[in-house]
Amino acid sequence: MAPLSHLLIAIVLALVAVSATAELKAHRVADDVYAIVGDLGNRSPENLGNNATFGVVITREGVVLIDPGGTYTGAQRLHEKIRSLTDRPVVRVVNTGGQDHRWLGNGYFQEQGASIVASQRAVEDQQARSQDQFFALNALVGAEGLQGTEPVVADTRFDETLAFELGGIRFEIHHVATAHTPGDAFVWLPGKRIVFTGDIVYTERMLGVIEVSNSRDWLEAFSAVAELNPEHVVPGHGAPTTLKRAREDTEDYLKFLRTAVGEHMDAGKDITTVGSIDQSAYARLLNFEQLAGRNAQKVFTELEWE
Ligand SMILES: [Zn+2]
């Protein structure tokens, strides 16, 4: 085969790979409950910032959407996916935290008539990091994908808990502690034993302990999720799963990391070498190479103050 056709085949394969990962996939969790699973990698022009998992609960009185997507255009794409499941309108959107994909699609859904709910701490975090998030999205998703996106925050806020009933389904939203971000909350459907965890649970891919995270308090938030003994866990990243898998990919990793970094410190070693501690037990998680070292450095700075 001529080199040119090799090149063309390579380009076609690359395009197929990109569109396959950027595609939103709907997973049925139970009757009228879906998880819409986005890209497990970073934000990109192809995924429009929808690199997370979103929740859809269809009630007689409309749809409750858990997290609106990472941009205005991303929210539009998410809405197209919701329309393939139901023709009922999205009437309420919950923001489960402060990351871009938990709130920057708010403006689009507000235009559709939805009310937006978030914890007070999540709103404060969103406002504090809004500029940084726009800057990062401009670089990663690009100006075209970011078009129309406005920093619209929730019109309904709560401190710790908010419960409501819609179309005969009871929703309970709980903010327990800082996890991946300061205002992280989970949504519990007691009648269905389904929990939407936002960024409190990551599966399949490695979680990120970022500047605003707290690994100790994150474990407390995780425990509150586990105490529900949910039948289905819809994580913030990854496909719908079990509590067992959530423990393996989030709780066990956080505990391991805190222990390993603590031992590194006890041995008198400093932060310059903490990135190289052996985390290969978790190399199965996607984004391991990019995040493992950074996670260790952040936990080191936390443990210095604990
Ligand atoms: Zn996230």
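# Close-up views of a predicted model

**View A. Arg216 comes out as partly exposed, because its relative accessibility is 42%.** The model shown here and in the other views is predicted, not determined by experiment. Arg216 has a salt-bridge partner in Asp217, and the closest N and O atoms of the two are 3.3 Å apart. Asp217 has a relative accessible area of 19%, so this residue counts as buried; the cut-off for that label is under 20%.

**View B. Here Arg28 and Asp31 pair up in a salt bridge.** Their closest N and O atoms sit 2.7 Å apart. What about exposure: is Arg28 buried or exposed? Arg28 is exposed, because its relative accessibility is 51%, and exposed means over 50%. Asp31 is exposed as well, with a relative accessible area of 51%. If you go hunting for others like this, a search of the whole structure turns up 14 salt bridges.

**View C. In this one, a salt bridge brings together the side chains of Glu306 and Arg258.** The N to O distance is 2.8 Å. This pair links distant parts of the chain, since Glu306 belongs to the segment after α8 (288-305) while Arg258 is in helix α7, 48 residues apart. Glu306 is partly exposed, at 43% relative accessibility. Arg258, on the other hand, has a relative accessibility of 17%, so this end of the bridge counts as buried. Elsewhere, salt bridges with shared partners join Asp67, Arg102 and Asp199 into one network.

**View D. Now for the zinc ion, with protein donors from His101, Asp199 and His237.** The two histidines each offer their NE2 atom, and Asp199 is listed twice with an OD atom. These donors lie 2.1 to 2.7 Å from the zinc ion. Along the chain, their spacing reads H-x97-D-x37-H. Asp199 is in the loop between β11 (194-196) and α6 (215-227), and His237 is in the loop between β12 (232-234) and α7 (243-266), so this pair ties together parts that are 38 residues apart in sequence. Why is the arrangement called irregular? Because the four donor atoms subtend angles of 51 to 134° around the zinc ion, whereas a tetrahedral label would need all angles between 85 and 135 degrees. Asp199 is buried, at 0% relative accessibility, and His237 is buried too, at 1%.

**View E. Gly198 also belongs to the loop between β11 and α6.** With 4% relative accessibility, Gly198 counts as buried. Which residues does Gly198 touch, leaving aside those up to four places away in sequence? The answer is Thr96, Arg102, Ala185, Pro235 and Gly236. Gly145 is another story: 53 residues away along the chain, its C-alpha atom is separated from that of Gly198 by 23 Å.

**View F. Last up is strand β3 (residues 53-59), with seven of its seven residues buried.** Both faces are covered, with Thr53, Gly55, Val57 and Thr59 on one side, and Phe54, Val56 and Ile58 on the other. Strand β2 (residues 33-37) runs antiparallel to β3 and is joined to it by five bridges. Five bridges also join β3 to strand β4 (residues 62-66), again antiparallel. Val57 is a handy place to look: Val33 has Val57 as its bridge partner in β3, and Val57 has Val64 as its bridge partner in β4. How many residues make up the hairpin joining β3 to β4? The hairpin runs through two residues.

Methods:
Residues are numbered from 1 along each chain as its sequence is written. This is a predicted model: local features need pLDDT of at least 70, side-chain atom pairs count only at pLDDT 80 or more; totals for chains, interfaces and linings use all residues. Side-chain values use heavy atoms; hydrogens and water are left out. Donors are N, O and S atoms within 2.8 Å of the metal (3.2 Å for Na, K and Ca); water is not among the atoms, so sites may look incomplete. Four donors count as tetrahedral if all angles lie between 85 and 135 degrees; four count as square planar and six as octahedral if opposite donors are over 155 degrees apart and all others between 65 and 115; anything else is irregular. Helices (H or I, at least four residues) and strands (E, at least two) are DSSP runs, numbered from the N terminus. Buried means under 20% relative accessible area, exposed over 50%, partly exposed in between (1.4 Å probe, protein chains only). Contact means heavy atoms within 4.5 Å. A salt bridge is a side-chain nitrogen of Lys or Arg within 4 Å of a carboxyl oxygen of Asp or Glu. Two strands pair if DSSP finds at least two bridges between them.
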